[in-house]
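Here is a set of short exercises to work through with the model open on your screen. Try each task yourself before you read the solution.

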Amino acid sequence: MCRETVLAFCLFSVLLASCTSKEEKALLQVYSKEKIYHKKLLQTEKVQLYDANETKILLTATYLYTQTDVPKEKDKRDEVFIVGVNMEDEEAASFNAEDFNLTLNGTLPKEVKILKKSDIYLKHIPFVTEWGQYFEVVFPHTSNAKFDLLFESDIYGMKKLHFAKKAKYVFTKEAF
């Protein structure tokens, strides 16, 4: 009888361990999938553009910087952003790329590319909507650890989006 109890206990332990393992694997898969999204969320800023105290445009920008083992002095990668412009229908009909200017610490972009809704970049970017327009904006390398992306428009004024190559709380010493 003792042998049967030990055998039953061992069988129960193996069964319990295998169930936990399946749940653990599923949980790790969900975590891995969402991990990229949350990292990009930390590198995303948004501003609203107003006309007569009414929001007309929601502008989002996600900085696609990833830390590497390359020393800071040798890292000369371009600064790449995914910029989203979400606007009301009547605004979208009258809004052109010539209506605004986008600079990074006063420097114009090297390249601006319109992204299709199916673009791989948009799979992990927060705040992607069906009615938004999205652009890959490439600026020349900057050695600054923190910098501002400046949106200027004759109609909507000027808005700054603050970015950093390190976590922002390193500079501000404040929790967000």
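## Exercise 1: a pair of rings

Task: decide whether F139 is buried or exposed, and then find its aromatic partner.

Solution. The structure you are viewing is a predicted model.

Step 1. The relative accessibility of F139 is 0%, so F139 counts as buried; the cut-off for buried is under 20%.

Step 2. F139 forms an aromatic pair with F81, with 5.9 Å from centre to centre and 85° between the planes, an edge-to-face arrangement.

Step 3. Now place the two rings in the fold. F81 belongs to strand β3 (residues 79-87) and F139 to strand β6 (residues 133-139), so this pair ties together parts that are 58 residues apart in sequence.

Step 4. Check the partner too: F81 also has 0% relative accessibility and therefore counts as buried.

## Exercise 2: from pairs to a cluster

Task: count the aromatic pairs in the whole structure, then classify the one made by Y63 and F147.

Solution. Step 1. Searching the whole structure gives seven aromatic pairs.

Step 2. For Y63 and F147, the ring centres are 5.3 Å apart and the planes meet at 85°; the cut-off for edge-to-face is over 60 degrees, so this pair is edge-to-face.

Step 3. Y63 sits in strand β2 (residues 54-63) and F147 in strand β7 (residues 146-153), so the pair links parts 84 residues apart in sequence. Y63 and F147 are both buried.

Step 4. Put the rings together: one aromatic cluster is formed by Y63, Y65, F81, F139, F147 and F163.

## Exercise 3: strands side by side

Task: trace how β2 pairs with β1 and with β3.

Solution. Step 1. Strand β1 (residues 44-51) runs antiparallel to β2, and eight bridges join them. One bridge to look for is that of V47, whose partner in β2 is L59.

Step 2. Look at the connection: β1 and β2 make a hairpin with two residues between them, and A52 in the turn has a positive phi of about 55°.

Step 3. On to β3, which pairs with β2 in the antiparallel sense over seven bridges. Here Y63 stands opposite F81 in β3.

Step 4. Add burial to the picture: seven of the 10 residues of β2 are buried, so the strand is mostly covered.

## Exercise 4: a buried glutamate

Task: find out what surrounds the side chain of E79.

Solution. Step 1. E79 lies in strand β3 and is buried, with a relative accessible area of 1%.

Step 2. Its polar partners come next. The E79 side chain makes a polar contact with the H141 side chain at 3.5 Å, and the E79 side chain reaches the backbone nitrogen of T142 at 3.1 Å.

Step 3. Residues touched by E79 include Y63, F139 and F147, which are also members of the aromatic cluster.

Step 4. For contrast, take E73 in the loop between β2 and β3: E73 is exposed, with a relative accessible area of 59%.

## Exercise 5: the nonpolar core

Task: which residues of the largest nonpolar core touch the most other members?

Solution. Step 1. The core has 22 residues, and F81, L149 and F163 touch the most other members.

Step 2. At least two residues of this core come from each of β1, β2, β3, β4 (100-104), β6, β7 and β8 (157-164).

Step 3. A second, separate core has eight residues, among them L64, I82, I125 and V138.

Key:
Residues are numbered from 1 along each chain as its sequence is written. This is a predicted model: local features need pLDDT of at least 70, side-chain atom pairs count only at pLDDT 80 or more; totals for chains, interfaces and linings use all residues. Side-chain values use heavy atoms; hydrogens and water are left out. Rings of Phe, Tyr and Trp (its six-membered ring) pair if their centres lie within 6.5 Å; planes under 30 degrees apart count as stacked, over 60 as edge-to-face and the rest as tilted. Helices (H or I, at least four residues) and strands (E, at least two) are DSSP runs, numbered from the N terminus. Buried means under 20% relative accessible area, exposed over 50%, partly exposed in between (1.4 Å probe, protein chains only). A polar contact is a pair of N or O atoms within 3.5 Å; within protein, one must be able to donate a hydrogen and the other to accept it, and residues adjacent in sequence count only if both atoms are side-chain atoms. Contact means heavy atoms within 4.5 Å. Two strands pair if DSSP finds at least two bridges between them. A nonpolar core is a set of buried Ala, Val, Leu, Ile, Met, Phe, Trp, Tyr and Cys residues joined through side-chain atoms within 4.5 Å. Lists of a residue's contacts leave out its neighbours within four places in sequence.
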